[in-house]
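User: I should like to learn how to read the features of a model in a formal way. Could we work through one together, step by step?

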Amino acid sequence: MRGFLGGFFAGYGMVVGMLTAALLFLVGPVGALYWLWTAIQIGSFSMFLIGCIPPLMLFTGPLGAWFLIFGVPGWVLSLFGG
């Protein structure tokens, strides 16, 4: 028997996991679009091409969301020719 607190925290963890998954499903596409917009703004065809490849969108989506919140880091500009 887990007791009251064990059951409470087990349910709480499931809710946190569901909210995290929902947030990723919302933030990922917005971040991916911002990645593409940033590629257009700095004029980098290779950055745009990376953002259009579906398996790589798993990485460019969260990175684009990071750019949207905190700005484009210098390493992205130097890597993709900004």
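Analyst: What follows is a reading of this predicted model, taken from the overall architecture to single residues.

User: How many helices and strands does the protein have, and which pattern does the protein follow along the sequence?

Analyst: A reading begins with the secondary structure elements and their order. Here the protein has four helices and zero strands, and the order along the sequence is α-α-α-α.

User: What is the mean pLDDT of the protein, and which elements have the lowest and the highest mean values?

Analyst: Confidence is read for the whole chain and then by element. The protein has a mean pLDDT of 86, with 85% of its residues at 70 or more. Among the elements, the lowest mean, 81, belongs to helix 1 (residues 3–42), while helix 2 has the highest, 95.

User: What share of the residues is buried, and what do the contacts say about separation in sequence?

Analyst: These are two separate readings, one of burial and one of contacts. Of the 82 residues in the protein, 22% are buried. Among contacts with a separation of 6 or more, 60% join residues 24 or more positions apart. The accessible surface comes to about 5900 Å², and carbon and sulfur atoms account for 81% of that area.

User: Which residues make up the largest nonpolar core, and which helix gives the most to it?

Analyst: The general idea is that nonpolar side chains tend to be buried together in soluble globular proteins. In this model the largest nonpolar core has seven residues: Trp35, Leu36, Ala39, Met47, Phe67, Val76 and Phe80. Helix 1 and helix 4 (74–80) each supply at least two of these residues, and helix 1 gives the most, with three.

User: Which residues does Phe67 touch, setting aside those up to four places away in sequence?

Analyst: A core member can be read through its contact list. Beyond four places in sequence, Phe67 touches Tyr34, Trp35, Thr38, Met47, Val72, Pro73 and Val76. Of these, Trp35, Met47 and Val76 are also members of the core.

User: Is Thr60 buried or exposed, and why?

Analyst: Such a question is settled by relative accessibility, for which the cut-off for burial is under 20%. Thr60, in helix 3, is buried because its relative accessibility is 3%. Apart from residues up to four places away in sequence, Thr60 touches Gly31, Ala32, Trp35, Ile50 and Gly51.

User: Is Leu63 buried, partly exposed or exposed, and which residues is it in contact with beyond four places in sequence?

Analyst: Leu63 is also placed in helix 3. Its relative accessibility is 29%, so Leu63 counts as partly exposed. Beyond its neighbours within four places, Leu63 is in contact with Trp35 and Trp75. The C-alpha atoms of Leu63 and Tyr34 are 9.1 Å apart in space, although the two residues are 29 apart in sequence.

User: Which residues form a nonpolar patch on the surface, and which helices supply at least two of its residues?

Analyst: Surface patches are read by membership, area and origin. Phe45, Leu49, Ile53, Leu56, Leu58 and Phe59 form a nonpolar patch with about 640 Å² of accessible area together. Helix 2 (45–52) and helix 3 (57–70) each supply at least two of the patch residues.

User: Is Phe59 buried or exposed, and why?

Analyst: Phe59, which lies in helix 3, counts as exposed because its relative accessibility is 56%. Phe59 and Gly28 are 31 residues apart in sequence, with 8.9 Å between their C-alpha atoms.

Key: Residues are numbered from 1 along each chain as its sequence is written. This is a predicted model: local features need pLDDT of at least 70, side-chain atom pairs count only at pLDDT 80 or more; totals for chains, interfaces and linings use all residues. Side-chain values use heavy atoms; hydrogens and water are left out. Patches are made of residues with over 30% relative accessible area and no salt bridge: like charges are joined within 9 Å, nonpolar side chains (Val, Leu, Ile, Met, Phe, Trp, Tyr) within 5 Å. Accessible areas come from the Shrake-Rupley method with a 1.4 Å probe; for residues, only the protein chains shown count as cover. A salt bridge is a side-chain nitrogen of Lys or Arg within 4 Å of a carboxyl oxygen of Asp or Glu. Buried means under 20% relative accessible area, exposed over 50%, partly exposed in between (1.4 Å probe, protein chains only). Contact means heavy atoms within 4.5 Å. pLDDT is the predictor's confidence in each residue, from 0 to 100. A nonpolar core is a set of buried Ala, Val, Leu, Ile, Met, Phe, Trp, Tyr and Cys residues joined through side-chain atoms within 4.5 Å.
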